[in-house]
Structures are given as C-alpha cells and as structure tokens.
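Hi there,

Here is the structure I promised to pass on to you. Please have a look at it first, and then read my notes underneath.

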Amino acid sequence: MESSKETGCRAPEDPVLCINDCGFFDSAATMNMCSKCQKDMILLKQEHAKLAAASSQDVVRRSSSSDESELALAGAAVASADLASQISQVKSKEGLKKCTACRKRVGLTGFSCKCGDLFCAVHRYSDKHNCPFDYRNAGQNAIENSNPIVIAEKLNKI
C-alpha cells in the first residue's frame, strides 16, 4: 500500500482563524479574514475614500493662499484621525465578548463585574481576577444612603 505522501494526495489543512482575532475562520479569497471582517474593512475603505475626496476638494477650493492650503491639509489629517478613532470605537462596540483574564470567548454567558470587565465562569469572582473594585466602601456607602440618621426631638423640661 502506498501512503498519501507518495500518491500525491494531501490531507486537508487545519482551519486558520481570522487575522482580526474575531474567532471565525478565514479564507484566502477574503484576504485571510472572515466574511464579516472583510465586509467591515471594505466599508471602512469606502468611507475613508469619500473623506479623502471631500478633503481634497476642500484643498482645491482653499488653494488660493498657502496659509489656507496648510489649514486644509491639517483639517484632512484631523479628519483621518477622527475616522481612525471612529473605527476603533465601532470595533470596541462590536467586539467579541471575551474573558478579560483568559481571553476565552464567553458569548451570551459572560459575567460583568463591578470593575467594568467581562469574565468567563471561572474568572467571574472578584478573587479570581484580582478585582480593583472596593466592595467594602461600596457596601458602607449603600448602607449610609439607605439608612438615614434618626435623631429624636428634644423634650421640653417641666
């Protein structure tokens, strides 16, 4: 019997994850990204192209003096920085739900901690992820707010 190496047949390759670390599998046809990440990348490129075209039109309009053209170029740089910050905000909102401690995907079963992070079932307790939230002071403040100070009225002496 001949082995698969000798016959020229290859075993299927192991699946490779998306380069954006979203947890889905990539393909060579989508530039080593999953279909969702590729679609997002195309939309971002189109928005960036529209922004660049709009800023270049502003540069052409304002090119009558050198000071104005410098301002337009600075405006284009600020606009591209704004676009980059918007992209990062969109990714953080849409980002996958992963445990902050072990980076395990948690999906709908993630546990939000009072420190503001998301954790898996193993790291959900404050002692498992070294939570910086001060539970003692929060409890004391809650008791103070829910129990007002009671002071009796003074009695008049006879």
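Below is what I found, starting with the overall layout and ending with the cysteines.

Please keep in mind that this is a predicted model. The protein chain has 158 residues, and 15% of them count as buried. Its accessible surface is about 13100 Å², with carbon and sulfur atoms making up 56% of that area.

As for secondary structure, the protein chain contains 4 helices and 2 strands. Reading from the N terminus, you will meet them in the order α-α-α-β-β-α. I also looked at contacts between residues at least 6 apart in sequence: in the protein chain, 16% of these link residues at least 24 apart.

Now to the cysteines. How many disulfides does the structure hold? The count is 0. Take Cys115: its closest cysteine sulfur belongs to Cys113 and lies 3.6 Å away, which is too far for a bond, since a disulfide needs the two sulfur atoms within 2.5 Å. Cys120 is in no disulfide either, and the nearest cysteine sulfur to it, that of Cys99, is at 3.7 Å.

Are Cys115 and Cys120 buried or exposed? Cys115 counts as partly exposed because its relative accessibility is 25%, and the buried class takes in residues under 20%. Cys120, in contrast, has a relative accessibility of 3%, so it counts as buried.

Happy to talk any of this through whenever it suits you.

Best wishes

Terms used: Residues numbered from 1 in each chain as written. Predicted model: local features only at pLDDT ≥ 70, side-chain atom pairs only at ≥ 80, totals over all residues. Heavy atoms only, no water. Buried < 20%, exposed > 50% of the residue type's maximum accessible area, 1.4 Å probe, protein only. Contact = heavy atoms within 4.5 Å. Areas by Shrake-Rupley, 256 points an atom, 1.4 Å probe, with all protein chains shown as cover.
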